Amino acid sequence: RDTHILLLTKWYEEYFKEIEEEVSSALKENIMNINQEELNINGFNQIEKITKGFSIENLEPTEVVLAPTWHFRPLSLIDIFNHKIILTYPCLLSNNDEALLITKALAEEKRLKILSSMKTEPKTFTDLVKLMGMSKGNIHHHLLNLRSAGLLRVIPSREDYFLYQFRYSRMKDLSSLLLNFD
């Protein structure tokens, strides 16, 4: 216990103290920006939008916890505990940063081929390794880039694997982001 306290104190003093105000205000702002009414009406679609791609309807959750995160930006993460799901989602990035994430993800031929393979049906990680003929590490790297850009719908299963599908809606987002690029 004392060791943990010492490490956390050191982490705070050496790192977090300098950014605490910025991070705290960003987290609060992100929570306030969630449209509760829309979330209540169209929950699963809103969750997918907020988390940049997690589609959890198939898990039939009884409780969903959405938590903004700063340090894992621009990635969303999921933890599943029976029918309770905890999703961390990235604090909003600037429009320019979002546009850059998407265009960088699309600027790689292998990632475009991965997206193309998902046009008609979702794929598992194993499907992609076989289909693309690439190493697991390379596929993981490309999926991470595509997920971070919000270009993939990630459909978790109860059997500890994900299905990945191209999120066409991000192309409309990109058009809007580019039109408003500073």
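Start by selecting Arg153, which counts as partly exposed at 21% relative accessibility. Keep in mind as you go that this is a predicted model. Arg153 sits just on that side of the line because buried means under 20% relative accessible area.

Now add Glu48 to the selection. Arg153 and Glu48 form a salt bridge, and their closest N and O atoms are 2.9 Å apart. Zoom out a little to see what this pair joins: Arg153 belongs to strand β5 and Glu48 to helix α3 (residues 43-50), with the two positions 105 residues apart, so to speak, as the pair links distant parts of the chain. Unlike its partly exposed partner Arg153, Glu48 is buried, with a relative accessible area of 9%.

**The three-stranded sheet**

From Arg153, widen the view to strand β5 and its sheet. In what order do the three strands of this open sheet run? The order is β4-β6-β5, and the pairing is antiparallel. Colour β4 (123-124) and β5 (152-156) to mark the edges; each has a single partner strand, so one side of each has no neighbour in the sheet. As general background, strands of a sheet pair through backbone hydrogen bonds, either parallel or antiparallel.

Next, select β4 together with strand β6 (residues 162-166). These two pair in the antiparallel sense over two bridges. To find one of the contacts by eye, pick Thr124, whose bridge partner in β6 is Leu163.

While you are at β4, select Lys123 and show its side chain. Lys123 meets the side chain of Glu121 in a salt bridge, at 3.4 Å from N to O. Is Lys123 buried or exposed? Lys123 is buried, with a relative accessible area of 11%, whereas Glu121 is partly exposed at 45%.

**A hairpin**

Move to strand β2 (residues 77-81) and strand β3 (residues 84-90), which pair in the antiparallel sense over five bridges. Leu77 is a good place to begin, with Thr88 as its bridge partner in β3. Follow the chain into the turn: β2 and β3 form a hairpin with two residues between them. Asn82, in that turn, has a positive phi of about 55°.

**Two crossing helices**

Now select helix α5 (residues 109-117) and helix α7 (residues 136-148). Their axes come within 10 Å and cross at roughly 80°. Angles of 65 to 115 degrees count as roughly perpendicular, and α5 and α7 are therefore roughly perpendicular to each other.

Show side chains where the helices touch. On the α5 side, pick Lys110, Arg111, Ile114 and Leu115. They meet Ile139, His141, His142, Leu143, Asn145 and Leu146 in α7. Sorted by class, this contact has five nonpolar, three polar and two charged residues.

**A network of charges**

For the last stop, go to helix α8 (residues 169-179) and select Arg170 and Asp173, which lie three residues apart, about one turn of the helix. Their side chains meet in a salt bridge, 3.2 Å from N to O. Arg170 is buried, with a relative accessible area of 8%, while Asp173 counts as partly exposed at 32%.

Then add Lys52 and Glu98 to the view. Together with Arg170 and Asp173, they are linked in a network of salt bridges. If you would like to keep hunting, a search of the whole structure finds ten salt bridges.

Notes:
Residues numbered from 1 in each chain as written. Predicted model: local features only at pLDDT ≥ 70, side-chain atom pairs only at ≥ 80, totals over all residues. Heavy atoms only, no water. Axes fitted to C-alpha atoms, helices over the stretch in contact; angles between N-to-C directions. Helix = DSSP H or I, 4+ residues; strand = E, 2+ residues; numbered from the N terminus. Parallel < 35°, antiparallel > 145°, perpendicular 65-115°, else oblique. Contact = heavy atoms within 4.5 Å. Nonpolar A, V, L, I, M, F, W, Y, C, P; charged D, E, K, R; others polar. Pairing = 2+ DSSP bridges. Salt bridge = Lys/Arg side-chain N within 4 Å of Asp/Glu carboxyl O. Buried < 20%, exposed > 50% of the residue type's maximum accessible area, 1.4 Å probe, protein only.
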